[in-house]
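Here are my notes on helix packing and internal cavities. Please read them with the model open.

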Amino acid sequence: MPTRLSIFPLAGAVLFPGLQLPLHIFEPRYRALVGDALVRDRRIAMIQPQRAVDGAPLYSIGCVGHIGEIEAMEDGRYNLVLEGQSRFRILHEMDVASAFRQVEAELIEDDEDETLSFAQRGGFEQEAREFADAQGYSVDWESVKRLDDQSLINGVSQIAPFDPASKQALLEANSLTDRCELLVQLMQFFGRSDGTEEITTLQ
């Protein structure tokens with residue numbers, strides 16, 4: 001069923017179901033969004049704009065987050081943690097009087113029980129090791145091995161240092177397997193060295 005969502009458009013900030021996203025809210029319109037969410041259902045819909053300008057068109061898919069931890073400051077700002085609940089697809093943007101944008105959307109039912117094959121998991125971990133080594137990241141690989149497939153693939157997709165368009169493509173992947181395959185391709189692409197210290201980008 002379609003649902004009405006208040007959105008927080010933020011380039012480069014992608015939330016995945018089952019993960020957390022810390023946010024510092026300071027703009028008046030988004031302080032109003034948080035205040036409205038707190039008195040209703042504590043939901044905020046994260047989505048990327050197609051351009052980093054005010055009022056830009058939105059990508060079609062985002063993720064609904066539930067406000068978990070929250071700190072309200074005396075000057076009206078908030079520090080909060082969003083807990084990813086479900087991806088959503090925008091049906092249309094609504095004409096509203098509120099300071100923040102709202103959309104009518106449908107929630108996407110992902111297969112929460114989907115897993116990777118042994119070969120896929122092993123190949124991904126090997127590629128991740130090579131990418132981390134090339135970028136100089138320190139990773140606790142023993143902890144990585146203990147993660148379930150969903151937490152691993154979605155977690156890396158959310159925090160990886162890719163450009164906004166790449167992160168959006170990961171969010172829009174139709175299955176965990178598709179997301180894993182795309183993530184491997186992106187790590188290979190971004191990990192290529194062109195002889196400079198700057199990381200390659202898709203843009």
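Contact here means heavy atoms within 4.5 Å. The model is predicted.

1. Start with helix H2 (residues 118–135) and H6 (residues 176–190), using that cut-off. On the H2 side the contact residues are Gln-120, Phe-124, Glu-127, Ala-128, Phe-131 and Gln-135. They meet Thr-177, Cys-180, Glu-181, Leu-183, Val-184, Met-187, Gln-188 and Phe-190 of H6. By class, this contact splits into 8 nonpolar, 4 polar and 2 charged residues.

2. Now the geometry of that pair. The axes of H2 and H6 cross at roughly 30° and come within 10 Å. Angles under 35 degrees count as roughly parallel, and H2 and H6 are therefore roughly parallel to each other. Their crossing is left-handed.

3. H6 also packs against helix H4 (residues 149–159), at an angle of about 45° and with the axes 10 Å apart. H4 and H6 are therefore oblique to each other. H4 passes H6 in a left-handed crossing.

4. Which residues of H4 meet H6? They are Asp-149, Gln-150, Ile-153, Asn-154, Val-156 and Ser-157. Their partners in H6 are Leu-176, Arg-179, Cys-180 and Leu-183. The H4 contact with H6 holds 5 nonpolar, 3 polar and 2 charged residues.

5. The next partner of H6 is helix H5 (residues 164–172). The angle between H5 and H6 is about 160°, and their axes lie 9 Å apart. Angles over 145 degrees count as roughly antiparallel, so H5 and H6 are roughly antiparallel to each other. H5 passes H6 in a right-handed crossing.

6. H5 brings Ser-166, Ala-169, Leu-170 and Leu-171 to this contact. H6 brings Arg-179, Leu-182, Leu-183, Leu-186 and Phe-190. The class count for H5 with H6 is 7 nonpolar, 1 polar and 1 charged. Leu-183 of H6 is among the residues that touch H5. Leu-183 is also listed in the contact with H4, and again in the contact with H2.

7. On to empty space. How many cavities of 30 Å³ or more does the structure hold? There are 2. The largest has a volume of about 40 Å³. The second largest has a volume of about 30 Å³.

8. The largest cavity is lined by Ala-13, Val-14, Leu-15, Met-46, Ile-47, Gln-48, Ile-61, Gly-62, Cys-63, Gln-168 and Leu-171. Strand E3 (43–47), strand E4 (61–72) and H5 each give two or more residues to this lining. E4 gives the most, with 3 residues. The lining divides into 8 nonpolar, 3 polar and no charged residues. Note Leu-171: this lining residue also belongs to the H5 contact with H6.

9. The second largest cavity is lined by Arg-4, Leu-5, Ser-6, Arg-40, Asp-41, Arg-43, Ile-44 and Ala-45. Strand E1 (2–9) and E3 each supply at least two of these residues. By class, the lining has 3 nonpolar, 1 polar and 4 charged residues. Compare the class counts when you look at both sites: the largest cavity has no charged lining residues, whereas the second largest has 4. E3 contributes to the lining of the largest cavity and to that of the second largest.

How values were computed:
Residues are numbered from 1 along each chain as its sequence is written. This is a predicted model: local features need pLDDT of at least 70, side-chain atom pairs count only at pLDDT 80 or more; totals for chains, interfaces and linings use all residues. Side-chain values use heavy atoms; hydrogens and water are left out. Axes are lines fitted to C-alpha atoms, for helices over the stretch in contact, and angles run from 0 to 180 degrees between N-to-C directions. Helices (H or I, at least four residues) and strands (E, at least two) are DSSP runs, numbered from the N terminus. Angles under 35 degrees count as roughly parallel, over 145 as roughly antiparallel, 65 to 115 as roughly perpendicular and the rest as oblique. A crossing is left-handed if the near helix is turned anticlockwise from the far one by less than a right angle, and right-handed if clockwise. Ala, Val, Leu, Ile, Met, Phe, Trp, Tyr, Cys and Pro count as nonpolar, Asp, Glu, Lys and Arg as charged, and the others, Gly among them, as polar. On a 1 Å grid over the protein atoms alone, a cavity is a set of points where a 1.4 Å probe fits but cannot get out, and a pocket is an open set with protein on both sides within 12 Å along at least five of seven lines; lining residues have an atom within 4 Å of a point. Grid points are joined across faces, edges and corners, and a volume is the space filled by probe spheres set on the points.
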